[in-house]
Amino acid sequence: MLDYLMSHALDIFGILLGSFIAYHIFFLSKKLSNQARLTHKDSIKEKAHDLLAKIVRNGIRRNVYLLNINRYFKDYPSNEEKLGSGYSYIKGEIKSTRYNGIEFFCEMPKQAYYTKGGEVTLKETDQEAFLIYPVGLIPYEWIDYIDLEGDEYEGTPLFYCKFKGRIYWKSWWRQLIPFGYPYKTLLYYRRSDVYREDSDPADMAWRSVDIKN
């Protein structure tokens, strides 16, 4: 055995050296990839903060357009829905930034109800609760670019997004398609009863709500 190892020492050393190099290249590339993701997140979050500050400062509307990056260079501003990619763009209202993405009001308010156990549900019961506001979350890595000035069609801020989320508000068979919408997660909020507009941060006007299906 010793004779074999001695005669093949160079081959064994080469294998070990190659494994060592491959190991470090893998983790170095992973580190660089994470750094790139964080740099991208900081860039997108900073622009979103600028927009939110402008909204609060000037009292302007929160309207934005969410553009489907996979269709933008092909047929924008045409907005006929396509089964394989969804719409070219949809409207939304920016709400706030989070550690994992940006939140947008994405539907009209809905009436919530209390179950017999005191939980909140969207299914109609005998006891009305309060209005809830559906909010969609788009991860930072799904947003390629933000144009705060908009274009000649609307002049509204544009968020260029990957439409990788499930379409949940269409007919049942469309909900089986796992992509075509910009929101990864759907959340629910209600207006806060203790919010003080003159002193509290704007996002404290909202409280998250857990919905029982």
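This section describes the nonpolar cores, the aromatic ring pairs, the strand pairing and the surroundings of selected residues in a predicted model.

The largest nonpolar core of the model comprises 25 residues, of which Leu 66, Ile 94, Ile 102, Phe 104, Phe 159 and Tyr 183 touch the most other members. At least two residues of this core are supplied by each of α2 (9-58), β1 (63-68), β2 (89-98), β3, β7 and β8, and the greatest contribution, five residues, is made by α2. The surroundings of Ile 94 were examined with neighbours within four places in sequence left aside; on that basis Ile 94 is in contact with Ala 48, Leu 51, Leu 52, Ile 55, Arg 62, Val 64, Ile 102, Glu 103, Phe 104, Phe 105 and Phe 159. Another core, of seven residues, lies apart from the largest one and has Tyr 65, Leu 67, Ile 69 and Tyr 76 among its members. In soluble globular proteins, nonpolar side chains tend to be buried together.

Over the whole structure, a search for aromatic pairs returns 14 of them. One of these is formed by Tyr 72 and Tyr 76, whose ring centres are 5.0 Å apart and whose planes meet at 40 degrees, an arrangement classed as tilted. Tyr 72 is partly exposed because its relative accessibility of 23% falls between the limits of 20% and 50%, whereas Tyr 76, at 18%, counts as buried because its value is under 20%. A tilted pair is also formed by Phe 104 and Tyr 183, with 6.4 Å from centre to centre and 45 degrees between the planes. This pair links distant parts of the chain, since Phe 104 belongs to strand β3 (residues 101-105) and Tyr 183 to the loop between β8 and β9, 79 residues away. Both partners are buried, with relative accessibilities of 0% for Phe 104 and 3% for Tyr 183.

Ring pairs further connect Tyr 65, Tyr 72, Phe 73, Tyr 76, Tyr 89, Tyr 145, Tyr 153 and Tyr 160 into a cluster. Within this cluster, Tyr 153 is located in the loop between β7 (143-147) and β8 (158-161) and is partly exposed, with a relative accessible area of 48%. When neighbours within four places in sequence are left aside, Tyr 153 is in contact with Tyr 76 and Pro 77. The C-alpha atoms of Tyr 153 and Pro 77 are separated by 8.3 Å in space, although the two residues are 76 positions apart in sequence.

Strand β9 (residues 185-191) is paired with two other strands. With β6 (residues 127-138) it runs antiparallel and is joined through five bridges, one of which has Val 135 and Leu 187 as partners. With β10 (residues 206-208) the sense is likewise antiparallel, over three bridges, and Arg 191 is bridged to Trp 206.

Arg 190, which lies in strand β9, is buried at a relative accessible area of 15% and is placed over the face of Phe 130, at 3.9 Å from the ring centre. The side chain of Arg 190 also makes a polar contact of 3.4 Å with the side chain of Asp 193. Beyond neighbours within four places in sequence, Arg 190 is in contact with Phe 130, Leu 131, Ala 205, Trp 206, Arg 207 and Val 209. A further charge-over-ring arrangement involves Lys 95, whose charged end sits over the ring of Tyr 189 at 3.9 Å from its centre.

Technical notes. Residues numbered from 1 in each chain as written. Predicted model: local features only at pLDDT ≥ 70, side-chain atom pairs only at ≥ 80, totals over all residues. Heavy atoms only, no water. Helix = DSSP H or I, 4+ residues; strand = E, 2+ residues; numbered from the N terminus. Buried < 20%, exposed > 50% of the residue type's maximum accessible area, 1.4 Å probe, protein only. Contact = heavy atoms within 4.5 Å. Pairing = 2+ DSSP bridges. Phe/Tyr/Trp six-rings, centres within 6.5 Å; stacked < 30°, edge-to-face > 60°. Lys NZ or Arg CZ within 6 Å of the ring centre and 35° of its normal. Polar contact = N/O pair within 3.5 Å; in protein donor to acceptor, adjacent residues only side chain to side chain. Core = buried A, V, L, I, M, F, W, Y, C linked by side-chain atoms within 4.5 Å.
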